Amino acid sequence: RDQQYSANANSVLSFDASADFNAGITVASSTQITFAAAGKYEINAAIQFINSDSNDHDVTVWFRRNGTDIVGSAAKITVPKAADGGAALFSISGIESFTISGYIECVANFESSLVIADYTAAAVGPPAIPSIPSVRLSAKRIA
């Protein structure tokens with residue numbers, strides 16, 4: 001689904017609860033990626049932004065672990081105005097340690113409410129094209 005938020009407010013992005021994760025990694029409350037085993041994990045979030053405005057707008061994205069913002073995890077993207085294509089795919093990653101039942105969230109601050117995290121439904125075709133999620137997250141235990 002599309003995800004639209006108020007401008008200049010920190011907003012926790014949601015994930016598809018039916019997403020296929022590795023064993024022991026689940027989605028809770030649509031926003032929290034939880035870990036059944038303690039360890040170090042490589043986390044990557046990819047967000048498809050669309051800007052319908054006539055101006056470029058920034059979006060800042062970061063990770064939050066167990067309810068606390070992770071220092072140094074933020075990154076910013078400028079999403080081009082509609083006349084310049086209006087779309088941008090953004091990826092942010094990190095390596096973090098988690099305890100059993102620990103969780104991570106992906107937080108965004110949109111400069112404008114005219115920028116959204118965009119979902120595109122699958123196209124039957126021809127050609128057939130799979131759906132494009134607004135936010136996709138991968139998590140892999142590395143230690």
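This briefing covers a strand, a nonpolar core and a residue in one protein model. The model is predicted, so that local features need pLDDT of at least 70 and side-chain atom pairs count only at pLDDT 80 or more, while totals for chains, interfaces and linings use all residues. Residues are numbered from 1 along each chain as its sequence is written, and side-chain values use heavy atoms, with hydrogens and water left out.

**Strand S9**
- All 8 of the 8 residues of strand S9 (residues 103-110) are buried, so the strand is largely enclosed by the rest of the structure; buried means under 20% relative accessible area with a 1.4 Å probe, protein chains only, and strands are DSSP runs (E, at least two residues) numbered from the N terminus.
- Strand S5 (residues 57-65) pairs with S9 in the antiparallel sense over 7 bridges, where pairing requires that DSSP finds at least two bridges between two strands, and phenylalanine 63 stands opposite cysteine 106 in S9.
- Strand S1 (residues 10-12) is also antiparallel to S9, over 3 bridges, with valine 12 opposite valine 107.

**Nonpolar core**
- The largest nonpolar core (buried Ala, Val, Leu, Ile, Met, Phe, Trp, Tyr and Cys residues joined through side-chain atoms within 4.5 Å) has 31 residues, and Ile47 and Phe63 are among those that touch the most other members.
- The largest share of this core, 5 residues, comes from S4.

**Glycine 39**
- Glycine 39 lies in strand S4 (residues 39-51) and, at 17% relative accessibility, counts as buried.
- The C-alpha atoms of glycine 39 and serine 97 are separated by 5.5 Å, although the two are 58 residues apart along the chain.

Conventions
Helices (H or I, at least four residues) and strands (E, at least two) are DSSP runs, numbered from the N terminus. Buried means under 20% relative accessible area, exposed over 50%, partly exposed in between (1.4 Å probe, protein chains only).
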